Amino acid sequence: MIDEELPMPVTCVHLEPLEVELERRGVRLGEPMPSPYGPEWGLWSIVDCTFDAGTLRARLGLADFIRFQEYDGRVAGSDATFYCPRCRRAIMGRHPAHAGPTTPRLA
């Protein structure tokens, strides 16, 4: 029997449950890139969806230290992001106020 290696998470082990949910829902996770808020924030992956953060956190069992923040900078940009401060990795979705009517919402 050949051992199959499990794929490594794109973000980090703490955000992996969210990655798995994105894949299950057919939402593509972008390649990691430096945070738009500065390199000290690590690498962020963009997704085209919005989040019901409380429901996702509870259902996926995300660690308490994983932060969620919605930022509405309007002209400066907007996002809704799950961030792991331990690994400096994030999954950045759309702010619900600026998402289109067909943008998937993960709950």
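**Exercise 1. Decide whether strand S6 is enclosed by the rest of the structure or open, and say why.**

Solution. The model is predicted.
Step 1: count the buried residues. Four of the five residues of S6 are buried.
Step 2: conclude. S6 is therefore largely enclosed by the rest of the structure.
Step 3: place the strand. S6 covers residues 89–93. In the open five-stranded sheet the order reads S1-S2-S6-S5-S4, so S6 sits between S2 and S5.

**Exercise 2. Work out the pairing across the sheet, and state which strands are the edge strands.**

Solution. Go along the sheet pair by pair.
Step 1: S1 and S2. Strand S2 spans residues 43–46 and is joined to S1 by two bridges. The two strands run antiparallel. Methionine 33 stands opposite tryptophan 44 of S2.
Step 2: S2 and S6. Four bridges link them, and the direction is parallel. Tryptophan 44 has alanine 90 in S6 as bridge partner. Isoleucine 46 has methionine 92 in S6.
Step 3: S6 and S5. Five bridges join this pair, which runs antiparallel. Cysteine 84 is partnered by arginine 89 in S6.
Step 4: combine. The pairing of the sheet is mixed.
Step 5: find the edges. Strand S1 (33–34) and strand S4 (67–72) each pair on one side only. These are the edge strands.

**Exercise 3. Locate the residue with a positive phi in the turn of the S5–S6 hairpin, and describe its setting.**

Solution.
Step 1: find the turn. S5 and S6 form a hairpin with four residues between them.
Step 2: name the residue. Arginine 88 lies in the loop between S5 and S6. Its phi is positive, about 55°, although this residue is not a glycine.
Step 3: check exposure. Arginine 88 has a relative accessible area of 39%. Buried would need under 20%, and exposed over 50%. Arginine 88 is therefore partly exposed.

**Exercise 4. Describe the largest nonpolar core, then follow leucine 22 and phenylalanine 82.**

Solution.
Step 1: size and centre. The largest nonpolar core has 19 residues. Those with the most contacts inside it are Leu18, Leu22, Val47, Phe51, Phe82, Ile91 and Leu106.
Step 2: suppliers. Helix H1 (16–25), helix H2 (53–60) and strand S5 (78–84) each contribute at least two residues of this core.
Step 3: leucine 22. Neighbours within four places in sequence are set aside. Leucine 22 is then in contact with Val27, Leu29, Val47, Cys49, Ile91 and Leu106.
Step 4: phenylalanine 82. This residue belongs to strand S5. Its relative accessible area is 0%, so phenylalanine 82 is buried.
Step 5: a distance. Phenylalanine 82 and glutamate 16 are 66 residues apart along the chain. Their C-alpha atoms are separated by 11 Å.

**Exercise 5. Classify the crossing of H1 and H2 and list the residues that meet.**

Solution.
Step 1: geometry. The axes of H1 and H2 come within 10 Å and cross at roughly 105°.
Step 2: class. Angles of 65 to 115 degrees count as roughly perpendicular. H1 is therefore roughly perpendicular to H2.
Step 3: residues. Pro17, Leu18 and Glu21 in H1 meet Leu56, Arg59 and Leu60 in H2.
Step 4: chemistry. The contact residues divide into four nonpolar, no polar and two charged.
Step 5: arginine 59. This residue is in helix H2 and partly exposed, at 44% relative accessible area. Beyond four places in sequence, arginine 59 touches Glu21 and Ala107. From arginine 59 to proline 17 the C-alpha distance is 9.7 Å, with their positions 42 residues apart in sequence.

**Exercise 6. Characterise glutamate 70: where is it found, and which residues does it touch?**

Solution.
Step 1: place. Glutamate 70 is found in strand S4, an edge strand.
Step 2: exposure. With a relative accessible area of 38%, glutamate 70 is partly exposed.
Step 3: contacts. Residues up to four places away in sequence are not counted. Glutamate 70 then touches Phe51, Asp79, Ala80, His95 and Pro96.
Step 4: a distance. Glutamate 70 and threonine 55 are 15 residues apart along the chain. The separation of their C-alpha atoms is 15 Å.

Definitions and conventions
Residues numbered from 1 in each chain as written. Predicted model: local features only at pLDDT ≥ 70, side-chain atom pairs only at ≥ 80, totals over all residues. Heavy atoms only, no water. Core = buried A, V, L, I, M, F, W, Y, C linked by side-chain atoms within 4.5 Å. Buried < 20%, exposed > 50% of the residue type's maximum accessible area, 1.4 Å probe, protein only. Contact = heavy atoms within 4.5 Å. Axes fitted to C-alpha atoms, helices over the stretch in contact; angles between N-to-C directions. Parallel < 35°, antiparallel > 145°, perpendicular 65-115°, else oblique. Nonpolar A, V, L, I, M, F, W, Y, C, P; charged D, E, K, R; others polar.
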